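Colleague: Please take a close look at a single residue in this model. What surrounds it, and how does the rest of the chain compare as background?

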Amino acid sequence: MTTIAHTPASPRPGVWRRLAEAIGRRLAGDALEAAERQARQAEARLKDVLEAIPEGLVFLDAEGRYILWNQTYADIYHHSADLFGPGVRLVDTLKIGIARGAYPDAIGREEAWLAERMERLENPGQRHEQRVADGRWLLIEERKTSEGGTIGLRVDITDMKLQAQALEAALHRAEDANHAKTEFLANLSHEIRTPLNGVLGVADVLARTSMDAAQQDMVRTIAASAETLNQVLSDLLDFSELESGRLEIVEETFDIEAMIADCLAMYDGAANARGLRLVAGIAADARRRVIGDPNRLRQILGNLISNALKFTEQGRVAVGVDLDEEGGCRFVVSDTGKGFDPADADRLFARFEQADGSLTRQHGGLGLGLAICRQLAERMGGVISATAEPGVGATFTLVLRLKPAEADEPQGVRVAESESGALRVLVTDDNATNRMVAELIMASIGAEVICAENGQEAIDAFDRSPFDVVLMDLQMPVMDGLTATRTIREREAARGLPRTPVVVVSANIMPEQKAASAAAGADEHLGKPVRAEELIATVVKVIQTLQSGPDEVAAQVA
């Protein structure tokens, strides 16, 4: 039997093509479905990420139309959230939001506010703040995408703003309290120093009269007690000024040797009363004119000299000036007193510290003097230090970098003529006791004294005849001292008269008050209570400063 093999028939070409297309469509559908599924998953993840961000986040396209935003963003702008939608322009939601009162800062300047906001959107990068209607504050930061769109971040900074406002309010309250304290201390200073000037002045003049030993002791007790009260008051005022940062350091030209002479003159009487020698030694290269704050330097040295006299029972107190290795001016105050433990040197410059803080300590004070000295020295760019040996004495050293100054040309002075050839002094003060004290002090050097009770009377006296010097109080009725001083300077200028020295003698001793005196045209500002030696030295100095030579003044004072 013969077997016949059958070969299967080949499919027609069209069948293969249709089969391939069907398989392709199936595969493409699967890929598309997978891609769509992945896209939906990515979008869901993106939304989850956006919702997880605690800040408001928004995506805008290049035309400023909404693409995507999170719920926090919608909550922040809940007044306009119903307007948000894909393809909606941000500017349109802003316009409607403005009309709804959603942006308080836009009220009354709607178009300008909208223009500024769109300018920031077109040129992002600069953070800015925005206030919304419910009182919240937002920090807005926006950045451009690579496709020209915008990513915007909104951070709620309301708590931070409230804290800043509370801090600012607290700062204002502190400033107001500090101002009130300063004003209180200034008034306290004036009310205490005015009668204190009478006590010290009369005691000073009385000490120059003939008295028995018991009377001299009583006068010295009065003067010492008043001086102690004056020092306590001065320390309190200086401490307050330093604490508030309002104490100013000025720069002016002064002569070191003359300044040291002034310091010694102020304390020479106290040294003599204690049986001590007060001496000074100034190196040749330190006898120079320099630029600095002579008043603050005099204050530091005066405090050091006062302390040295206080703690020295016998011997001497010496003031020395020389230049250190780097050219700095070195001021040294040494004594032969009780000294102190070297371990206490730094502690002495702390506030409210005493070398002897026990209940049995012999010397009073608030413990502020040396602390004030250190702060003043540091404000002037200097350094102050102390060394001592118990029972032998103490040495305080102040080093300041003071720039050399050129010599000043002397100015002309309106020299007064009196029949006796004595100095003619105009004393202006509304307090009768203070007028009497000034008159007694000036009369002790042979001066002819004319008194005025207010600024207007001083101007009238100035118009009638010339004076060698005017002593001017500040707080007076009718016309105050500043106005009177300005008027004197104006009349000198209008009439072509030489300058008459004006010395302010006032209980107002705050830096700004001294600056006001200088601005009005005063040559010096002395604080009450003023000692006889200090007032006489100042009168001589201001006249010598304006005259070409000191001989004539010395002859008039003699």
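Modeller: Contact here means heavy atoms within 4.5 Å. This is a predicted model, in which local features need pLDDT of at least 70 and side-chain atom pairs count only at pLDDT 80 or more, while totals for chains, interfaces and linings use all residues. Residues are numbered from 1 along each chain as its sequence is written, and side-chain values use heavy atoms, without hydrogens or water.

The residue I chose is Glu141, in strand 4, residues 137–144 (strands are DSSP runs of E, at least two residues, and helices runs of H or I, at least four, numbered from the N terminus). Glu141 has a relative accessible area of 19% and is therefore buried (under 20%; exposed is over 50%, partly exposed in between, with a 1.4 Å probe and protein chains only).

Its side chain has a polar contact with the side chain of Arg127, at 3.0 Å, and another joins it to the side chain of Arg143, at 2.9 Å (N or O atoms within 3.5 Å, one able to donate a hydrogen and the other to accept it; residues adjacent in sequence count only if both atoms are side-chain atoms). Setting aside neighbours within four places in sequence, Glu141 touches Arg127, Ile151, Gly152 and Leu153.

As background, the chain has 16 helices and 18 strands, and 41% of its 558 residues are buried. Of its contacts with a separation of 6 or more, 63% link residues 24 or more positions apart. The exposed surface of the chain is about 29400 Å², with 54% supplied by carbon and sulfur atoms.

Notes
Areas by Shrake-Rupley, 256 points an atom, 1.4 Å probe, with all protein chains shown as cover.
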